[in-house]
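This report goes through a few local features of one protein model. Please look at the sequence and structure before reading on.

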Amino acid sequence: MAEKDTNGEEPIEEIVDEKSQKLQIPPKLPVLLLRDIVVFPYMIVPLFVGREKSKAAIDLSLASHRMILLLTQKDMEIEEPGRDDVYDVGTVAMIMRMLKLPDGRVRILAQGLVRAKVEQFEETASYYEAAIRVLAEPDTVEKTIEAEALLRNVRSGLEKAASLGKSLAPEVLIIAANVEEPGRLADLTASNLELKVPEAQEMLEVVDPAARLKKAYELLSREIQLLDVQSRISSEAKGEMDKMQRQYFLRQQMKAIQKELGEGSELQEEIKAYQDKLRKLKVAGEVREELEKQISRLAQMHPESAETTVLRNYLDWMFALPWDKSTIDNLDLKKAKAILDEDHYGLDKVKERILEYLGVRKLSKKIKGPILCFVGPPGVGKTSLGKSIARALGREFIRISLGGVHDEAEIRGHRRTYVGALPGRIIQGLRRAGSNNPVFMMDEVDKIGADFRGDPSSALLEVLDPEQNYSFRDHYLGVPFDLSKVMFITTANLIDPIQPAFRDRMEIISLPGYTEEEKLRIAERHLVPKQVKEHALTPRRIAITEGAIQRIINQYTREAGVRNLEREIASLCRKVARKVAEGRRTLTRLTSQNVETYLGPPKIFKDQLLKADHVGTTTGVAWTETGGEILFVEATKMRGKGNLMLTGSLGEVMKESAQAALSYIRTHADEYGISGRLFSDFDFHIHIPEGAIPRDGPSAGVTMATSLVSICTDVKVRRDIAMTGEITLRGNVLPVGGVKEKVLAAQRAGVLHMILPLPNKKDLVDIPKYIRTRIEFLFVEEIGEVFRHALVAPLRVKKAAKASR
């Protein structure tokens, strides 16, 4: 219940109830606001009042004429309603009883008297008051045949509603049978129909008795229809249950009769169907023997036993498996290459491996399916590549995700000891594929768990071993199934979490990520057309230029794959689609200049080289999963006692590299013209900015050594040269990993020269040719060569010292 304010100025009006008692209605009345109910005249209703203004209005009413105006809120959730939040027409009611409850609320019993319209609304400090105009009904209503028919219809309608299950008090039917006034019968009917507030309010606002009775009859007719449908649904449901029980008893009787006559039963028909399927099935002798044994067991079982259900499920699974069904491989190498190139840009190593398999498959029918493992960061296309391989081979494609799997039964299946037992996900996938040679992809093998239920990785050793999987035994099947024709492909983000024995079963193919050029081509060929189509756009409505894509790659995404790039392109398409939906008909052209207006400020700041050469600041490169990044190693010296400070969230390996670099320079100080007193009179501080990102790895040794020798000799380091490599105490430069990612980072930052360890020269094969032509690679074996290339001026190397080495 809720309350609201009203006021007005009207002369006192009089109404006459059924006892011909004249009631004087004051021109102003206190207001009680109702939340979820509309009170009609002559309706007696209990109301609970909690708001202070409502309680004050009740107190005022009881202290004077006991009359109060009941108005209903339009929105029951509003705690402090205003004039516009309540309806204009309400009911003047008489407060018959009042009871104060222990929780502070007040319970009243009120009887509706007459309709009244709010003329003016006043809000005092403690309650609402309204000036009203009574909506008087005519004293006499012309009794026409139509009015009499309506009265009879409403009365019979109330009786029918009660017979259909409508909860109506017996007194309501008695009063309805004796009421002759159309208006009062209409109000009686409406108050018992459980109408929603808007419908009830609409009924209250109809003043004409005949029109009100007609509307009440319409609402009553609708209620009767609903009750009729509800009753029919209940009867049908009960009838269906009775029918099922009757069928069950008849079926039991029929079984008993068939047993007496020696005729076949439903179970015998199933057994005959299984035997027919077995005759047509081409399987190994062990499988056939097991099926014959289980069919014989089924024939001896009671049809209604739980074990019969388990055995039926087992036989259904066995006959549903593709024991001898294979798809025909597409051995047209040119067509397969065209399909692979159509679906993916780049990834030459993977495509070459698939075409090699097809070439051997074309020459030999006995080749076993390869077991490939695609390792790479998220978004490089590992899963979609599996689908593309299946399409190129003309095979079915099945994918399961093993991330978070802990139970060995997920791989080997459950033993047939209970009703809910099922085969493992390998056998389930083969059933879905409908062939015994699909492309079977297992995602996230680096995230497989292990607990007391077994180790799924160990269970997969048999599945992924070509020497064993020709006779894979699922616990549920209990017989060998040949998996040697299946082409298994696994995916992982990292190779380290995979068990060594598990890793040994697979052929690892690394997908390190895409270069900017490759991302650009992928976006142009695949991502942009896909997103334009998904957003119901056409080339007439949107055009994304190469420059716009290049800017998104550089300033809005930093990743090895293209997943975030696709999201940003989708964001552009959504914004254009909205404009088209709002009525725009012209072409929206997205360029590098206006991309920012659609995507907001750049999210990634491109790595940039220093603007000038500095003493003690060297440009290094680091490997990351998103393609690598450049980092600056800063070194400085200050008065002290020869201590070395390291800052910038460095890991243990990088700290050891810094100590090794300092030890090498102190050992060869005379050789490079460095005073030995420098290391006793000064402290050294090495810092790598952006310390919020932890860094570790063995490839920053030469970078730290260069910064230290620069600060010791006061010779500047070239800003356009980047380097990577580990240093030994003897001054040798050791090879490092992640060369491709590091070179890509250097190229993005505008590096012109890059120092690499000589053993890493072989890694340039993986670097795109256009990058190899832009950067000059300098290969070194000793740290002295690094100093000669990186420092602006050559160091004064003492010949004697050099000879002594």
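## Helices, packing and two unusual backbone angles

Arg66 is partly exposed, with 32% relative accessible area. The model is a predicted one. Arg66 is placed in the loop that joins H1 to E6. Its phi is positive, about 65°, although Arg66 is not a glycine.

Ser649 also has a positive phi without being a glycine, here about 55°. Ser649 sits in a loop as well, between strand E21 (644-647) and helix H21 (652-667). The relative accessible area of Ser649 is 37%, and Ser649 is therefore partly exposed, since partly exposed covers the range between under 20% (buried) and over 50% (exposed).

Helix H1, which precedes the loop of Arg66, covers residues 52-63. H1 has twelve residues and spans 17 Å from first to last C-alpha, close to the expected 16 Å. Lys53, Ser54, Lys55, Ala56, Ala57, Ile58 and Ser61 are the buried residues of H1. They pack against strands E4 (28-34), E5 (44-49), E6 (67-72), E7 (89-100), E8 (106-123) and E9 (128-134). E6, the strand on the other side of the Arg66 loop, is thus one of the elements that the buried residues of H1 pack against.

Helix H8 (residues 285-299) has 15 residues, and its first and last C-alpha atoms are 21 Å apart, close to the 21 Å expected at 1.5 Å a residue. Which residues of H8 are buried? They are Val287, Glu290, Leu291, Gln294, Ile295 and Leu298. Viewed down the axis of H8, these buried residues fall within an arc of 135°, so they line one face of the helix. The face turned away from the buried side carries Gly285, Glu289 and Lys293, which are exposed.

Two helix pairs can be set side by side. Two packed helices are described by the angle between their axes and the distance between the axes.

| Helix pair | Angle between axes | Distance between axes |
|---|---|---|
| H2 (residues 145-163) and H4 (residues 182-191) | about 25° | 11 Å |
| H23 (residues 701-713) and H26 (residues 783-790) | roughly 60° | within 10 Å |

For the pair in the upper row, the axes of H2 and H4 are 11 Å apart at an angle of about 25°. That makes H2 roughly parallel to H4, because angles under 35 degrees count as roughly parallel. The crossing of H2 and H4 is left-handed. On the H2 side, the contact is made by Leu151, Val154, Arg155 and Leu158, and on the H4 side by Pro182, Leu185 and Thr189.

For the other pair, H23 and H26 cross at roughly 60°. H23 and H26 are therefore oblique to each other. Their crossing is right-handed. H23 contributes Val702, Ala705, Thr706 and Val709 to the contact, while H26 contributes Ile783, Val786, Phe787 and Ala790.

The remaining residue is Leu393, which belongs to helix H12 (residues 382-393). Is Leu393 buried or exposed? With 0% relative accessibility, Leu393 counts as buried. Leaving aside neighbours within four places in sequence, Leu393 is in contact with Ile328, Asp329, Asn330, Tyr357, Leu358, Val439 and Met487. Ser699 is 306 residues from Leu393 in sequence, and their C-alpha atoms are 42 Å apart in space.

Key: Residues are numbered from 1 along each chain as its sequence is written. This is a predicted model: local features need pLDDT of at least 70, side-chain atom pairs count only at pLDDT 80 or more; totals for chains, interfaces and linings use all residues. Side-chain values use heavy atoms; hydrogens and water are left out. Helices (H or I, at least four residues) and strands (E, at least two) are DSSP runs, numbered from the N terminus. The expected span of a helix is 1.5 Å times one less than its number of residues. Buried means under 20% relative accessible area, exposed over 50%, partly exposed in between (1.4 Å probe, protein chains only). The arc is that of the directions from the helix axis to the C-beta atoms. Axes are lines fitted to C-alpha atoms, for helices over the stretch in contact, and angles run from 0 to 180 degrees between N-to-C directions. Angles under 35 degrees count as roughly parallel, over 145 as roughly antiparallel, 65 to 115 as roughly perpendicular and the rest as oblique. A crossing is left-handed if the near helix is turned anticlockwise from the far one by less than a right angle, and right-handed if clockwise. Contact means heavy atoms within 4.5 Å.
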